[in-house]
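Biologist: Got a minute to walk me through this one? I'd like the overall picture, then a few details.

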Amino acid sequence: MTAGAQENFAPGAAGAATATIPQTLVRRYRGGPRAAFGRIKAVPFLVLLSLITIISVYPFIWLISASLKPQSDVFDNRIIPREWSWNYDDVFAIAPVATWLFNSVWISLLGAGLVMISSAFVAFSFAYFRFPGRGALFALILATMMLPSAVTMIPVYLIWNELSLLTGEGGRFAFLPDIGVNTQYPLWVPNLFGSAFYIFLLRQFFLGIPRDYFEAARMDGDNYWTMFWRIAMPLAKPALIVVFIFEIQAKWFDLMTPLIYLRDTALFTLPLGLKTILDQFGQGGGGQGEWQIVIAGTVLTVVPMLILFAIFQRYFIHGIATQGRKG
Amino acid sequence: MTSVAHSTTVPGPRKGARRWFSRFTRAETWVAYAFILPWVFGFLALTAGPMVASLYFSLTNYGVEQIAGFAPTEYVGAQNYRQLLSDEKVRTSLYNTFFFTILSVPAKMALALGLAMILARLVRMAGFFRTAFYLPDITPPVAIGIMLLLLFNGSVGIVNTVLGWFGIPGPFWTTDPNWIKPSLVIMSVWTIGGTMVIYLAALKAVPRHLYEAAAMDGAKPWRQFKDVTLPMISPALFFTFIVLTIAGLQTFTEVYTAYFGAGSAGAEAPDAALMNVVYLFRQAFEFFNMGFASAMAWLLFVIIMIVTAFQFVVSRRFVFYQGEKG
């Protein structure tokens with residue numbers, strides 16, 4: 001845009017300007033930002049970048065190859081195992097890893113879907129309507145982003161603890177399904193209420209949709225509800241996908257919430273399950289440390305994220321580049 | 001001055017308030033509130049209410065007996081806060097947390113900026129490198145905690161193996177109290193992909209003509225970096241500075257995975273790795289000292305507020321927003 005404007009500028013003026021400065025400078029800086037540091041010596045930079053690429057990628061290769069080695073060879077630092085060993089059967093045999101995987105998948109998907117829709121509701125309201133209290137409430141939403149979760153963690157746990165007394169065996173509401181501590185509800189129910197960061201992100205996107213679209217929909221007889229679903233949501237699809245994958249990642253990463261709420265092994269998510277495998281088979285558990293099992297479990301936790309990233313790379317990068325990310 | 005204001009027909013506060021409330025008669029206002037209802041409920045039940053409750057609990061002896069109903073909850077005044085000051089582990093955990101944050105945040109920012117500046121000028125392969133550098137960021141923190149134990153293992157880990165190639169005897173990173181925190185910092189610097197992507201986007205948005213103008217004024221590369229690049233990307237730097245600091249002060253998962261929990265509970269858990277949130281978590285959910293842990297949470301909250309406010313005040317002089325005057 002700016003470049004076009006400059007080209008439209010009288011060419012004579014540009015010529016006059018170049019005439020007054022030494023030609024060497026012009027040649028040297030013609031590349032703009034690309035040349036801002038002087039000329040790049042390509043080779044050293046490529047070596048540096050390759051080195052950092054190895055540092056970034058090698059741990060993954062190391063993990064995958066170590067997961068295919070017998071216990072004694074785990075630390076031999078060979079990329080191709082000297083002797084092959086399929087440790088994954090052991091992992092699935094010693095712990096309900098398949099259940100954990102399944103739990104992580106459905107909780108991530110459900111949580112991400114819920115937080116996407118609930119945040120979109122709130123974001124749409126702040127973007128489209130002008131209502132009294134809007135500015136103050138939105139400032140409040142932004143303020144909650146700074147709040148460390150540790151401050152609310154304990155009372156929220158006590159709420160769930162109370163709920164499990166009410167809905168558990170012998171409770172007043174025992175006829176309801178048991179929600180509360182040692183169920184998976186605390187992991188995804190909070191996603192029903194929107195999340196400050198996603199509300200902020202989606203509001204920015206809704207603000208970018210021309211108001212005419214909404215007015216036209218209103219003329220066609222849409223009410224606010226149908227307008228939200230028919231116009232706002234389809235147009236916001238790229239931003240919704242960003243929210244969805246960010247939240248899948250957050251749920252897939254989360255150790256603390258399952259650690260607080262889950263007791264029964266069958267309810268665990270993958271991060272908590274992996275932590276228990278580490279405690280049992282890593283060196284902390286005493287003895288030699290059956291690292292090949294821990295490593296196979298780690299690969300099972302890492303690979304689904306790699307696949308998700310491979311599919312949605314564009315959205316990961318775009319979402320982070322434009323909106324920053326959650327802490 | 002006040003008399004003038006009263007004598008004119010400028011709407012006074014009462015009239016303004018009436019007009020403000022009159023908007024509640026419009027249907028649209030109620031629809032808008034209906035749409036934000038999920039957040040309002042969540043805010044009251046899961047944020048505002050718990051905050052007040054947390055403040056209350058921090059002034060009581062609420063603990064495992066009180067949860068079970070065996071003993072009454074008693075108001076103990078500032079006793080939990082006094083205990084914060086005398087508890088040596090609180091001091092250790094705060095020291096560890098600050099040590100980790102102060103080292104890792106600037107290191108991450110500097111390295112991410114360096115890489116982003118190189119990538120911004122690459123014509124080919126930039127996408128490949130960006131993807132490669134981003135991979136550590138999509139690694140679950142539990143896996144990072146395990147990788148830390150494996151890669152930094154004192155006798156067989158790859159880090160010490162590589163150091164050995166250069167004749168450097170590597171320390172016992174994961175067991176030597178002096179080297180636990182440095183290895184945590186290095187592991188944290190491994191995940192700079194997201195920060196780098198933010199800088200890359202900011203660098204690409206810097207208008208070219210600024211560099212051309214600077215070059216015409218005879219600015220050398222260093223001056224261009226200092227006077228063009230840095231001011232133009234300062235909002236991105238500021239943003240990551242705040243976000244990384246807040247995240248660093250709340251470090252939990254990697255450290256807890258590597259050094260705490262059932263496998264290494266009790267005396268074995270090294271104090272050198274004890275982070276603020278880790279200690280808070282253990283107090284709350286392993287020892288069930290809810291009152292004391294609530295006081296710790298408020299201390300953390302106040303620390304984060306002070307640090308962030310300080311960053312805002314200091315950064316105001318350096319952050320440059322386009323379109324702003326001056």
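Modeller: Sure, let's go through it topic by topic, keeping in mind that this is a predicted model.

Biologist: Then confidence comes up straight away. What does chain A average in pLDDT?

Modeller: Chain A averages 84, and 84% of its residues score at least 70.

Biologist: Which elements of chain A have the lowest and the highest mean pLDDT?

Modeller: The lowest is helix α1 (residues 2-8) of chain A, with a mean of 34, while helix α6 (residues 97-128) of chain A has the highest, at 97.

Biologist: And where does pLDDT stay under 50 in chain A?

Modeller: Over residues 1-38 of chain A. For that stretch the model has 31 contacts beyond four places in sequence.

Biologist: OK, the fold. How many helices and strands are there in chain A?

Modeller: Chain A has 16 helices and zero strands. Of its 327 residues, 40% count as buried. If you take contacts in chain A between residues at least 6 apart in sequence, 66% of them join residues at least 24 apart.

Biologist: Pick a helix for me. Is α13(A) mostly covered or mostly uncovered?

Modeller: Mostly covered, with 13 of the 17 residues of α13(A) buried. Helix α13 of chain A runs over residues 237-253 and reaches 24 Å from its first C-alpha to its last, close to the 24 Å expected at 1.5 Å a residue.

Biologist: How is chain A divided into domains?

Modeller: Into domain 1 (2-85) and domain 2 (89-323). Nine residues of domain 1 of chain A are in contact with eight residues of domain 2 of chain A. The domain 1 side of that contact has five nonpolar, three polar and one charged residues.

Biologist: And what does the domain assignment give for chain B?

Modeller: There we have domain 1 (2-57) and domain 2 (80-315). Taken over C-alpha atoms, the centres of these two domains of chain B are separated by 39 Å.

Biologist: Now the two chains together. How many residues does the contact take from each?

Modeller: 81 residues from chain A and 92 residues from chain B. On the chain A side, helix α16 (residues 291-323) gives the largest share, 13 residues. By class, the chain A side has 53 nonpolar, 24 polar and four charged residues.

Biologist: What about the largest nonpolar core, which residues have the most contacts inside it?

Modeller: Val255(B), Val278(B), Leu280(B), Met296(B) and Ala297(B), in a core of 85 residues. Leaving aside neighbours within four places in sequence, Leu280(B) is in contact with Ala150(A), Ala293(B), Met296(B), Ala297(B) and Leu300(B). Apart from that core lies another, of 73 residues, including Ala232(A), Val105(B), Leu135(B) and Ile198(B).

Biologist: Switching to arginines: where does Arg263(A) lie?

Modeller: In the loop between α14 (256-261) and α15 (270-281) of chain A. The C-alpha atoms of Arg263(A) and Asn182(A) are separated by 5.5 Å, although the two are 81 residues apart along the chain.

Biologist: Why does Arg263(A) count as exposed?

Modeller: Because Arg263(A) has 9 other C-beta atoms within 10 Å, and the cut-off for exposed is 12 or fewer.

Biologist: And Arg211(A), is that one buried or exposed?

Modeller: Exposed, because Arg211(A) has 10 C-beta neighbours inside 10 Å. Arg211(A) lies in helix α11 (residues 211-219) of chain A. Its C-alpha atom and that of Tyr128(A), 83 residues away along the chain, are separated by 8.1 Å.

Notes:
Residues are numbered from 1 along each chain as its sequence is written. Chains are lettered from A and ligands numbered from 1 in the order in which they are written. This is a predicted model: local features need pLDDT of at least 70, side-chain atom pairs count only at pLDDT 80 or more; totals for chains, interfaces and linings use all residues. Two residues are in contact if their C-beta atoms, placed from the backbone, lie within 7 Å. Helices (H or I, at least four residues) and strands (E, at least two) are DSSP runs, numbered from the N terminus. Ala, Val, Leu, Ile, Met, Phe, Trp, Tyr, Cys and Pro count as nonpolar, Asp, Glu, Lys and Arg as charged, and the others, Gly among them, as polar. Domain bounds come from an automatic or database domain assignment. A nonpolar core is a set of buried Ala, Val, Leu, Ile, Met, Phe, Trp, Tyr and Cys residues joined through C-beta atoms within 7 Å. A residue is buried if 20 or more other C-beta atoms lie within 10 Å of its own, exposed if 12 or fewer, and partly exposed in between; C-beta atoms are placed from the backbone. The expected span of a helix is 1.5 Å times one less than its number of residues. pLDDT is the predictor's confidence in each residue, from 0 to 100.
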